[in-house]
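Please open the structure in a viewer and keep the selection panel at hand. The stops below are arranged so that each selection leads to the next.

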Amino acid sequence: MREEPSGRGRPGDIPFGNRHLTEDRDVFEYNAWDNMPWDEEMEREAKEIVERQKAAKVSEEKGRSLLEEPSSHWDAFYSQHTNKFFMDRNWLLKEFPELDTTQSESSMRALEVGCGVGNTTFPILDLDKDKKLFLYSCDFSSKAVEVLKTSDKFDPIRCSAFVWDITQSPPSDAPPQESLDLVICVYVLSAIEPKKLHQTLTHLRSLLKPGGSLLLKDYGRYDMAQLRFKANRLIDDNLYCRGDGTLVYFFDSNELDERLREAGFEKEANVVDRRLIVNRAKKVKMQRVWLQAKYKKPL
């Protein structure tokens, strides 16, 4: 829920998603390069970093405390930052064409999970020029939902926002069972304690119509954000706490696929998105690893 794809490069140049680095000398020509392969040395170095992190885990007491009430840390986060921290996700249609309502002849109903203060909600509604979409938006931070609903851009005719800890059963103001065409989870599952993932996915699946889709984007194993964690941030394997107490888990694509299948979903796509993000001013290279996936509820 923290970091967005960045580095769109120069306007009018090679479209984002089609920039492939073929010559090392060209690396600082753009802000981002797509489909960057990892060699054995990069993989080995990443594993060594994660192994060293295990020598300086958080204490068991602190780990339990962080896992007990994760929503309280997000409430504190949004109380401090309100709607000024995240940028709007205006890249959504490029990565999730299913959100293009101009391609649908009928109306659609969707749920955005982990809506925060609207950085996905409002771009989705802006894309819906013909007003074919009704969007539910939920977050387990009551402060985030409060900020969302008091925004000038919030339209209760087209959107319903409510508080929901998705590890728990849907509340009364959630959409009805089997009523949704889409469920959208962007940097959401990584904020869930892994042992609660199965029940979370089961709850989301129950809201989808047969044939409905779950759209996912999240952090991949050995992403730069994982490798940058210092001492006293690792709680358990691949599960970390940030400085503000919020949680983040880094998925392996096969692991994510297994968990989704166990919850009754069928795979349509599961892609490891490796990008090289470049700070051209500082001459810094950053290896990002994201997972992007689409799974369906069987008919």
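Residues 24 or more positions apart account for 75% of the contacts in the protein with a separation of 6 or more. The model shown is predicted. With the whole chain displayed as a cartoon, nine helices and eleven strands can be traced. Switching to a surface brings up about 14,500 Å² of exposed area, of which carbon and sulfur atoms supply 47%. Of the 299 residues in the protein, 51% are buried.

**First stop: strand E5**

Select residues 180-186, which form strand E5. This strand is mostly covered, with six of its seven residues buried. Which strands pair with E5? Strand E2, at residues 108-113, pairs with E5 in the parallel sense over four bridges. To locate this pairing, display Glu-112, which stands opposite Ile-184 in E5. Next add strand E6, residues 208-219. E6 also runs parallel to E5, and six bridges join the two. Here the pair to display is Cys-185 and its bridge partner in E6, Leu-216.

**Second stop: helix H7**

Keep E5 and E6 visible and add helix H7, residues 197-207. Together, E5, H7 and E6 make a right-handed β-α-β unit. Which residues of H7 are buried? They are Leu-197, Thr-200, Leu-201, His-203, Leu-204, Ser-206 and Leu-207. Now show what surrounds them: the cover over the buried residues of H7 includes the strands E2, E5 and E6. Helix H9, residues 253-262, also belongs to this cover. E2 and E5, already selected as a parallel pair, thus reappear here among the elements that cover H7.

**Third stop: the sheet E7-E8-E9**

Hide the previous selection and turn to an open sheet of three strands, ordered E7-E8-E9 with antiparallel pairing. Strand E7 (234-236) and strand E9 (247-249) stand at the edges; each has a single partner strand, so one side of each is left without a neighbour in the sheet. Looking across the strands, the twist averages 30° from one strand to the next.

For a closer view, select E7 together with strand E8, residues 239-241. How many bridges join E7 and E8? The two strands pair in the antiparallel sense over two bridges. Finish by displaying Asp-236, which stands opposite Leu-239 in E8.

Methods:
Residues are numbered from 1 along each chain as its sequence is written. This is a predicted model: local features need pLDDT of at least 70, side-chain atom pairs count only at pLDDT 80 or more; totals for chains, interfaces and linings use all residues. Side-chain values use heavy atoms; hydrogens and water are left out. Two strands pair if DSSP finds at least two bridges between them. Axes are lines fitted to C-alpha atoms, for helices over the stretch in contact, and angles run from 0 to 180 degrees between N-to-C directions. Buried means under 20% relative accessible area, exposed over 50%, partly exposed in between (1.4 Å probe, protein chains only). Contact means heavy atoms within 4.5 Å. Accessible areas come from the Shrake-Rupley method with a 1.4 Å probe; for residues, only the protein chains shown count as cover. A crossover is right-handed if, with the strands pointing away from the viewer, the path from the first strand over the helix to the second runs clockwise.
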